[in-house]
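Trainee: Hi! Could you walk me through this structure while I have it open on my screen?
Mentor: Happy to, let's have a look together.

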Amino acid sequence: MGDIAKEILIPYIPGDGIGPDIMSATVRVLDVAMRAATAGGVKLHWEEVLAGEKAFKKTGCWLPEETLSVIEQRGVAIKGPLTTPVGGGIRSLNVTIRQSLDLYASVRPARHYAGVPSPVKHPEKLNVVIFRENTEDVYKGIEWKRGSEEAKSLIAYLRSEFGVELGSDCGLGLKPISESATKRLVRSAMEYAVRKGRKVVTFVHKGNIMKHTEGAFREWGYELVRDEFSDHVVFESEMPQKDLASIPKGMIMVNDRIADNMLQQILTRPEEYSVLVAPNLNGDYLADACAAQVGGLGFAPGANIGDGVAVFEPVHGTAPKYAGRNIANPCALILSGSMMLEYLGYTNASSLVEKAVEGALAHGVMTRDFAKLAGLQSHVGTSEFADAVIDRMA
Ligand code: NAP
């Protein structure tokens with residue numbers, strides 16, 4: 001009897017629009033990477049779970065309960081983009097998945113791959129990982145429409161109880177930021193920085209204006225670091241020379257930046273930053289700005305990580321006009337898959353994938369979107385891009 005390979009169950013959601021095209025490319029790449037990295041000892045066993053249009057057609061439900069319970073049981077999943085149905089009061093399926101599974105850290109790396117066109121002169125200087133809080137802040141969706149009974153009643157309450165005067169034509173929203181959600185996010189960013197030998201962790205906030213939400217985010221961040229990571233860190237505020245060169249060997253410098261300043265410093269001094277930790281709204285802006293700096297959303301992988309469960313997905317959407325045409329760029333999903341392999345502990349397989357993508361791009365193998373931006377005539381299809389990546393792992 002021959003050896004039986006160990007199997008890892010990976011639930012996957014192909015997604016809508018270009019999702020199935022880029023998912024089949026990604027599955028092929030990840031299978032080959034695992035085979036190469038483990039000499040055939042570990043095999044990925046793909047288990048499709050339903051969500052989005054396919055789920056609705058088959059079950060009448062956009063996000064069946066079973067999908068969430070399978071992901072929770074397996075502790076991991078990879079997904080393509082999902083259409084958010086317009087109208088009908090249906091919430092974003094992506095937000096529902098993140099909130100139902102309490103995937104509190106949105107993790108988005110932004111680094112440049114040689115050959116990828118970028119709007120800046122030195123895109124290679126940016127190499128950051130953004131930890132964005134995924135469950136609260138204004139994204140919690142606690143809002144009331146101008147003139148609604150709730151808005152009127154809240155305006156009256158604020159006037160009578162706190163002497164706050166607001167016009168009756170105001171729409172209102174709440175911005176909850178809690179100590180517990182902040183600290184668990186900061187803990188996961190710090191653990192990542194320690195594990196990966198990252199030199200700088202920066203809290204990004206607008207605490208000068210929003211003292212009890214964004215300002216508290218900063219305070220709780222420092223508190224958590226002091227309580228749990230004091231052996232690993234130096235604080236920029238206590239360093240006489242506040243620069244990278246004076247960080248003691250093996251230590252991490254922790255600092256903070258006001259969000260607007262941060263958005264200009266990632267452009268003017270990108271090499272000074274490494275891990276950025278931000279509340280939900282600022283993190284959203286920052287992640288897209290960083291992605292643009294290194295070539296755009298087509299190269300932006302992502303992960304949504306909670307305690308014991310994580311879902312990996314590209315940042316981009318379903319690009320429906322390219323669906324089923326073997327045109328879409330699969331890089332962001334393939335790189336999300338590489339993050340998933342690392343999360344599962346298969347670091348060799350993960351870096352094989354990343355290096356192979358890097359090699360393909362450096363040799364000018366590009367899908368239509370980036371060939372166009374780079375001013376190149378020749379381009380390959382989704383599936384051929386995957387072939388080129390696979391060739392570099394053989
Ligand atoms: P989008 O799908 O990201 O597409 C915007 C444009 O970017 C596309 O028209 C496309 O081409 C380009 N593009 C994006 N990804 C590409 C890829 N992999 N390869 C080649 N080109 C790519 O954004 P959208 O149009 O705003 O959203 C469409 C749907 O996706 C909506 O239903 C939205 O709710 C959903 N969405 C889902 C997620 C998610 O599942 N996490 C995220 C975002 C949006 P051109 O530049 O040539 O036009």
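Mentor: One term before we start: buried means under 20% relative accessible area, exposed means over 50%, and partly exposed is in between. Also keep in mind that this is a predicted model.

Trainee: Okay, so is Ala-319 buried, exposed or partly exposed?
Mentor: Ala-319 has a relative accessible area of 30%, so it counts as partly exposed. You'll find Ala-319 in the loop between strand 13 (310-314) and helix 10 (331-343).

Trainee: What about the phi of Ala-319?
Mentor: Ala-319 has a positive phi of about 30 degrees, although it is not a glycine. For background, most residues other than glycine have a negative phi.

Trainee: Which other residue has a positive phi without being glycine?
Mentor: Asn-326 is one, with phi near 55 degrees. Asn-326 also sits in the loop between strand 13 and helix 10. Its relative accessibility is 32%, so Asn-326 is partly exposed.

Trainee: Let's switch to the ligand. How many residues surround it?
Mentor: There are 18 residues around the ligand. The closest are Leu-82, Gly-317, Ala-319, Lys-321 and Tyr-322, so you have met one of them already, Ala-319.

Trainee: What classes of residue make up that shell?
Mentor: The shell has seven nonpolar, seven polar and four charged residues.

Trainee: And which polar side-chain atoms lie by the ligand's oxygen or nitrogen atoms?
Mentor: Asn-94 places a polar side-chain atom 3.0 Å from a ligand oxygen. His-316 has a polar side-chain atom 3.3 Å from a ligand nitrogen. Thr-84 takes part through its backbone instead, with a polar backbone atom 3.3 Å from an oxygen of the ligand.

Trainee: How much of the ligand does the protein bury?
Mentor: The protein buries 64% of the 880 Å² that the ligand exposes when taken alone.

Trainee: Leu-82 was on your list. Which residue can I compare it with in space?
Mentor: Try Ile-18. The two C-alpha atoms are 9.6 Å apart, while Ile-18 and Leu-82 are 64 residues apart in sequence. Ile-18 is in the loop between strand 1 (6-13) and helix 1 (19-37), and it is buried at a relative accessible area of 4%.

Trainee: New topic: aromatics. How many aromatic pairs are there?
Mentor: A search of the whole structure finds nine. In one of them, Phe-131 and Tyr-192 are tilted, at 5.4 Å centre to centre and 55 degrees between the planes.

Trainee: Where do Phe-131 and Tyr-192 lie?
Mentor: Phe-131 is in strand 5 (residues 127-133) and Tyr-192 is in helix 6 (residues 179-196), so the pair ties together parts that are 61 residues apart in sequence. Both residues are buried.

Trainee: How are the rings of Phe-299 and Phe-370 arranged?
Mentor: Their centres are 4.6 Å apart and their planes are at 55 degrees, so that pair is tilted. Phe-299 is in the loop between helix 9 (280-293) and strand 12 (301-305), while Phe-370 is in helix 12 (residues 368-374), 71 residues apart. Both Phe-299 and Phe-370 are buried.

Trainee: Which residue joins those two in a cluster?
Mentor: Tyr-113: ring pairs link Tyr-113, Phe-299 and Phe-370. Arg-111 lies over the face of Tyr-113, 4.0 Å from the ring centre.

Trainee: Back to strand 5. Is Arg-132 buried or exposed?
Mentor: Arg-132 is at 5% relative accessibility, so it counts as buried. Like Phe-131, it is found in strand 5. The C-alpha atoms of Arg-132 and Gly-283 are separated by 4.8 Å, with their positions 151 residues apart along the chain.

Trainee: And what is Met-23 up against along the chain's far side?
Mentor: Take Leu-333: the C-alpha atoms of Met-23 and Leu-333 are 7.2 Å apart in space and 310 residues apart along the chain. Met-23 lies in helix 1 and counts as buried, at 2% relative accessibility.

Trainee: Last one: which side chain does Gln-265 contact?
Mentor: The side chain of Tyr-273, through a polar contact of 2.2 Å. Gln-265 is in helix 8 (residues 259-268) and is buried, with a relative accessible area of 8%.

Key: Residues numbered from 1 in each chain as written. Predicted model: local features only at pLDDT ≥ 70, side-chain atom pairs only at ≥ 80, totals over all residues. Heavy atoms only, no water. Near = heavy atom within 4 Å. Polar contact = N/O pair within 3.5 Å; in protein donor to acceptor, adjacent residues only side chain to side chain. Areas by Shrake-Rupley, 256 points an atom, 1.4 Å probe, with all protein chains shown as cover. Nonpolar A, V, L, I, M, F, W, Y, C, P; charged D, E, K, R; others polar. Phe/Tyr/Trp six-rings, centres within 6.5 Å; stacked < 30°, edge-to-face > 60°. Helix = DSSP H or I, 4+ residues; strand = E, 2+ residues; numbered from the N terminus. Buried < 20%, exposed > 50% of the residue type's maximum accessible area, 1.4 Å probe, protein only. Lys NZ or Arg CZ within 6 Å of the ring centre and 35° of its normal.
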